[in-house]
Amino acid sequence: MTAATLSHPSEARHVPNDPNRKRYVGKGRQSTLQLTSTRTEQRDARQYAEQWYSALLYWDVREVKIPYSFHYDDGTGPEMLTAGNNARTPTRYLRTPAGEFTDGEVGTMITEMTRSGTVEAKQLGKMLEKLRYERSRCMATLLREDGTWGRNREAAVRYAVAVLTLAVRLRVQEAERPLVLMRLEQSRLTTLTC
């Protein structure tokens, strides 16, 4: 029975096995699930970027002091591990969402970015240097309490791209997808302002 053979148009609502109706409902539900999934993924990417931003802003380090000497063989005596002035050599580890990295490794990566041949990498490196050395001039947070971008959305997205680019350069695989999403967000903002 089709809508054309029904005696009254209101009877079409009550046809339970209409294959066209099932397809439409299925596509709508699938579309809703996909949209919800995308929003969740974007929210998670923003929060992950916020974690990296906070780690670099506060530069929370753990210092490990290497002892004066190591004994490798009783016959050779103590071996000194010094920094050239017979002082202990501390090693500092920066705490990040992906674990700890040496302070020097992260600093070197930022410096390499500022000296990079590409304009984008230089800009991102300079943003990271500002975040590390000029904390008072940086945003306290990228996100509001509800997880949306802070007051200056464009700057927040740029910082998200910067910190996630650094994470990817430090070989953090978990940062790759959030970086793709933040770059996409940045391109949308650029399109809107042009």
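Reader: Why is Trp 59 called buried?

Author: The model is predicted, and in it Trp 59 has a relative accessible area of 7%. Buried means under 20%. The value falls under that cut-off, so Trp 59 is buried.

Reader: Where is Trp 59, and what is its phi?

Author: Trp 59 sits in the loop between H1 and strand E1 (61-66). Its phi is positive, about 45 degrees, although Trp 59 is not a glycine.

Reader: Arg 171 also has a phi to look at. Why does Arg 171 count as buried or exposed?

Author: Phi of Arg 171 is near 65 degrees, a positive value in a residue other than glycine. Arg 171 lies in the loop between H4 and H5. Its relative accessibility is 64%. Exposed means over 50%, so Arg 171 counts as exposed.

Reader: What makes Trp 52 and Phe 101 an aromatic pair, and why is the pair called tilted?

Author: A search of the whole structure finds 2 aromatic pairs. In this one, the ring centres of Trp 52 and Phe 101 are 6.4 Å apart. Rings pair if their centres lie within 6.5 Å, so these two qualify. Their planes stand at 40 degrees. Under 30 would be stacked, over 60 edge-to-face, and the rest is tilted. The angle of 40 degrees fits neither of those ranges, so the pair is tilted.

Reader: How do you know that the pair links distant parts of the chain?

Author: Trp 52 is in helix H1 (residues 19-58) and Phe 101 is in strand E5 (residues 99-102). They are 49 residues apart.

Reader: Why do Trp 52 and Phe 101 count as buried?

Author: Trp 52 has 0% relative accessibility, and Phe 101 has 11%. Both values are under 20%, so both residues count as buried.

Reader: What makes the pair of Tyr 53 and Tyr 159 edge-to-face?

Author: Their planes are at 75 degrees, and over 60 counts as edge-to-face, so the name fits. The centres of the two rings are 5.4 Å apart. Tyr 53 is in helix H1 and Tyr 159 in helix H4, 106 residues apart. Both are buried.

Reader: Why does Glu 185 count as buried?

Author: Glu 185 has 9% relative accessibility. That is under 20%, so Glu 185 counts as buried. Glu 185 lies in helix H5 (residues 176-193). Beyond its neighbours within four places in sequence, Glu 185 is in contact with Trp 149, Arg 153 and Val 157.

Reader: Where is confidence lowest and highest in the protein chain?

Author: Strand E3 (residues 79-80) is lowest, at a mean of 42, and helix H4 (residues 153-169) is highest, at 96.

Note on methods. Residues numbered from 1 in each chain as written. Predicted model: local features only at pLDDT ≥ 70, side-chain atom pairs only at ≥ 80, totals over all residues. Heavy atoms only, no water. Helix = DSSP H or I, 4+ residues; strand = E, 2+ residues; numbered from the N terminus. Buried < 20%, exposed > 50% of the residue type's maximum accessible area, 1.4 Å probe, protein only. Contact = heavy atoms within 4.5 Å. pLDDT = per-residue confidence, 0-100. Phe/Tyr/Trp six-rings, centres within 6.5 Å; stacked < 30°, edge-to-face > 60°.
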